[in-house]
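Biologist: Please take me through the nonpolar core of this protein in a close look. Start with how the surface is defined, then work inward.

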Amino acid sequence: MAAERLKDLSQPIDVPLLDATVAAFYGTGSKEERATADQILRYLQNNPDMWLQVVHILQQTKSLNTKFFALQVLEGVIKYRWNALPVEQRDGMKNYISEVIVQLSSNEASFRAERLYVNKLNIILVQILKHDWPARWQSFIPDLVAAAKTSETICENCMAILKLLSEEVFDFSRGEMTQQKIKELKQSLNSEFQLIHELCLYVLSASQRIELIRATLSTLHAFLSWIPLGYIFESTLLETLLKFFPVPSSRNLTLQCLTEVASLNFGDYYNVQYVKMYNIFMVQLQTILPPTTNSPEAYAHGSSEEQAFIQNLALFFTSFYKFHIRVLESSQENISALLMGLEYLINISYVDDTEVFKVCLDYWNSLILELFDSHHNMDNPAVTANMMGLQVSLLPGIVDGLCAQLLQRRRLYAGTMSKLRMLMICRMAKPEEVLIVEDENGNIVRETMKDNDVLVQYKIMRETLIYLSHLDHEDTEKQMLKKLSKQLSGEDWTWNNLNTLCWAIGSISGSMMEEQENRFLVMVIRDLLNLCEITKGKDNKAVIASNIMYVVGQYPRFLRAHWKFLKTVVNKLFEFMHETHPGVQDMACDTFLKIVQKCKRKFVIVQVGENEPFVSELLSALATTVADLEPHQIHSFYESVGHMIQAESDPHKRDEYLQRLMALPNQKWGEIIGQARQSVDFLKDQDVIRTVLNILQTNTSVASSLGTYFLSQISLIFLDMLNVYRMYSELISSSIAEGVPFASKTSYVKLLRSVKRETLKLIETFLDKAEDQPQIGKQFVPPMMDPVLGDYARNLPDARESEVLSLFATIINKYKAAMIDDVPRIFEAVFQCTLEDSG
């Protein structure tokens with residue numbers, strides 16, 4: 001093939017042939033041609049002499065792709081071999097690149113047409129600078145500034161080079177240069193910044209060209225985080241920037257520069273300048289974005305430039321307030337501008353954009369934390385004094401002054417905090433316990449996957465709202481109840497409004513005094529139950545049900561103190577367990593478990609006006625209550641009732657409750673074992689295997705909550721369970737031994753193995769949760785030796801269950817003394833064969 005000629009680098013490369021090869025690689029050729037082109041280009045790229053052809057290629061070719069290929073070759077040399085090249089070769093390349101850049105950027109037409117090429121040349125130049133400047137190219141900055149003054153397009157490109165240089169040295173240098181080299185470059189940029197500073201100010205005061213002004217602002221933005229502060233505050237730079245803020249074409253870039261300045265924090269030295277900057281900024285902002293503007297609407301319908309402006313505005317305010325809010329608080333004339341800025345930020349916080357909201361939320365959280373800390377410490381003057389480094393002996397006089405200051409600060413922000421409460425209520429993120437969501441088609445469905453970002457956001461919002469609630473309980477309660485009444489009247493009714501409100505109500509659990517919380521919660525639940533009665537439509541009812549369940553699950557203290565209410569709530573959950581709407585039953589079972597865990601004693605004592613404990617009433621209606629539940633929901637329900645029974649202190653009652661709880665699964669178990677005694681083949685039926693699995697899972701759930709008290713139940717089924725285990729194990733072994741390919745992966749074998757694993761899990765759960773009683777070990781371990789341990793040792797590697805190892809590790813840890821004689825047997829059964837498997 002002709003392209004093979006390119007590999008001969010002893011003469012100037014055939015540029016048209018190279019153009020054709022590059023074009024073939026980028027898709028004009030067939031698959032074979034592309035593969036050949038790729039192989040040739042790789043060969044050229046790896047050839048150490050190829051870079052000597054770069055100037056020749058750049059001079060001859062018209063193809064941008066070929067130019068980029070040549071520059072890629074050059075970049076590799078600069079990165080890895082530059083310092084090893086002879087001085088004349090380095091200087092020749094440096095001069096050539098500089099000349100091409102000047103040539104292309106001195107003419108408006110060529111500069112715009114060849115923009116991509118010029119950008120790549122700029123990158124190459126900066127890579128060279130990282131090696132040669134300042135030691136081998138001392139005149140670089142003066143030369144650049146001098147060139148910039150010769151034409152506006154050259155100046156625009158010089159700004160781009162300076163920006164790249166700043167980014168390379170200050171942002172991306174780690175891992176590419178030694179610490180010594182980075183330090184040297186930073187010092188050079190610092191010491192020569194005066195020339196750059198003068199150039200930027202000259203451009204901003206003299207030029208009318210939008211492109212050049214934008215390039216200069218962009219360069220300044222890259223420099224502002226590290227330049228000596230005098231260049232910002234002791235020159236006309238800030239004034240100049242503020243003049244560009246009202247200009248639409250440069251507004252966003254100027255705002256980014258001002259945000260960079262706002263993020264600087266060097267004590268109080270430049271406070272006067274910061275206050276002046278903020279006040280001028282606020283005056284200008286009111287013209288650009290009047291305070292009455294609906295920011296969320298403006299953002300939703302705005303261009304990308306307008307949206308970026310609102311994002312940048314959020315960053316400016318949050319940066320400024322993080323470091324300089326105290327100086328604005330300190331004098332009366334600045335307070336109105338401060339409060340107006342906070343008003344803007346509240347408005348922007350409603351914008352429907354995750355990134356914008358994160359920026360705002362982060363700041364609100366830090367502000368409220370600061371206000372809460374000082375509020376909290378008002379009750380403890382010694383802490384406040386200590387925080388401020390004051391002597392406790394001086395306390396009385398100082399404390400009065402401090403408390404007055406803190407109270408004044410709280411009053412100053414009271415209006416903002418009230419609006420912030422409403423913001424948190426309206427935008428509350430979804431908590432983990434809520435399983436019902438709206439899909440993209442507007443249907444209410446069960447959530448399939450947790451969104452970790454939302455959970456993190458919920459935690460921050462919950463913390464913020466709890467602090468807000470501590471600062472003013474009355475206002476928090478008033479705003480929540482007012483919003484709830486609007487749901488009832490239909491004035492404000494939407495799924496989202498009800499959800500965020502209820503998530504907010506649930507999130508502040510424990511932040512009020514008990515009496516106030518009780519009164520508040522009675523009103524909330526009463527209104528929610530009314531809403532459920534008056535609202536039509538299955539989806540609507542599912543949303544309300546989900547919210548009732550979430551709220552009550554968050555307030556166990558209240559439920560423990562109000563039996564009638566607790567009973568009503570639990571009966572309501574039982575109603576929801578018959579509701580087949582996706583997610584409602586799951587949430588009802590989850591909430592029931594959560595409530596029982598926190599209130600279990602209440603269910604086993606006879607309450608005033610009742611004839612029997614609630615647990616007894618529940619067990620009488622058990623079959624009806626669980627009739628519509630899925631197996632996994634029934635397991636959760638049984639676990640909950642196990643927690644109730646565990647709270648009963650009378651052993652006779654406890655055993656009676658357990659017997660009643662397990663009556664249904666035990667009856668089914670008895671039928672299966674009875675049939676199996678008639679004909680063992682009965683146990684091979686897939687539906688029977690599934691039923692056995694389900695019964696075992698129900699037992700495991702109850703064992704996990706009852707612990708030691710599960711003894712009577714497990715004793716009842718234990719030996720039959722081991723027989724089923726042994727039989728299923730033999731079935732698995734014979735299926736695998738028959739050598740059918742993938743036998744261990746068939747659904748039948750998987751089902752049998754599930755029963756074996758669940759048996760092991762049940763025994764392990766019981767032995768692990770049972771209190772340390774040697775007789776339990778003595779009663780249960782010997783019968784398992786052959787069916788479980790012997791089976792493990794005899795079995796084919798593919799048929800062994802790793803859960804056996806876990807079970808016996810638990811047994812040895814838990815019943816050390818009782819097991820001492822059996823340890824050699826256990827080791828003998830599991831050790832050698834397990835090692836052989838892993839070998």
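Modeller: Accessible areas here come from the Shrake-Rupley method with a 1.4 Å probe. By that method the accessible surface of the protein is about 38,900 Å². Carbon and sulfur atoms hold 53% of that surface. This is a predicted model. Its mean pLDDT is 86, and 89% of the residues reach 70 or more. One stretch calls for care: over residues 383-395 pLDDT stays under 50. The model has 13 contacts beyond four places in sequence for that stretch.

Now the overall build. The protein has 42 helices and two strands. Of its 839 residues, 51% count as buried. Take the contacts between residues at least 6 apart in sequence: 74% of them join residues at least 24 apart.

Next, the core itself. In soluble globular proteins, nonpolar side chains tend to be buried together. The largest nonpolar core here has 264 residues. Phe-281, Phe-317 and Tyr-321 touch the most other members. Helix 37, residues 711-737, gives the most to this core, with twelve residues.

Look closely at Phe-317. Leaving out residues up to four places away in sequence, Phe-317 touches Tyr-278, Phe-281, Met-282 and Leu-285. Phe-317 also touches Gly-341, Tyr-344 and Leu-345. Those last three are buried residues of helix 19. Helix 19 covers residues 332-349, 18 residues in total. From first C-alpha to last, helix 19 reaches 26 Å, close to the 26 Å expected at 1.5 Å a residue. Other buried residues in helix 19 include Asn-334, Ile-335, Leu-338, Ile-346 and Ser-349.

Polar residues can be followed too. Thr-259 lies in helix 15, residues 251-262. Its relative accessibility is 12%, under the 20% cut-off, so Thr-259 counts as buried. Beyond its neighbours within four places in sequence, Thr-259 is in contact with Asn-312, Leu-315, Phe-316 and Ser-319.

Ser-188 is another case. Ser-188 sits in helix 10, residues 179-191. Ser-188 is buried, with a relative accessible area of 9%. Neighbours within four places aside, Ser-188 is in contact with Trp-133 and Pro-134. Ser-188 and Trp-133 are 55 residues apart in sequence, yet their C-alpha atoms are 8.5 Å apart in space.

Last, the aromatic rings. A pair of aromatic rings is described by the distance of the centres and the angle of the planes. The count comes to 34 aromatic pairs. In one of them, the ring centres of Phe-372 and Tyr-467 are 4.5 Å apart. Their planes meet at 35°, between the 30 and 60 degree limits, so the pair is tilted. This pair links distant parts of the chain, 95 residues apart. Phe-372 is in helix 20, residues 354-377, and Tyr-467 is in helix 23, residues 452-471. Phe-372 is buried at 10% relative accessible area, and Tyr-467 is buried at 18%.

Phe-766 and Phe-780 form an edge-to-face pair, 5.4 Å centre to centre with 65° between the planes. Phe-766 belongs to helix 38, residues 747-769. Phe-780 belongs to helix 39, residues 774-794, and the two are 14 residues apart. Both Phe-766 and Phe-780 are buried.

Note on methods. Residues are numbered from 1 along each chain as its sequence is written. This is a predicted model: local features need pLDDT of at least 70, side-chain atom pairs count only at pLDDT 80 or more; totals for chains, interfaces and linings use all residues. Side-chain values use heavy atoms; hydrogens and water are left out. pLDDT is the predictor's confidence in each residue, from 0 to 100. Contact means heavy atoms within 4.5 Å. A nonpolar core is a set of buried Ala, Val, Leu, Ile, Met, Phe, Trp, Tyr and Cys residues joined through side-chain atoms within 4.5 Å. Buried means under 20% relative accessible area, exposed over 50%, partly exposed in between (1.4 Å probe, protein chains only). Helices (H or I, at least four residues) and strands (E, at least two) are DSSP runs, numbered from the N terminus. The expected span of a helix is 1.5 Å times one less than its number of residues. Rings of Phe, Tyr and Trp (its six-membered ring) pair if their centres lie within 6.5 Å; planes under 30 degrees apart count as stacked, over 60 as edge-to-face and the rest as tilted.
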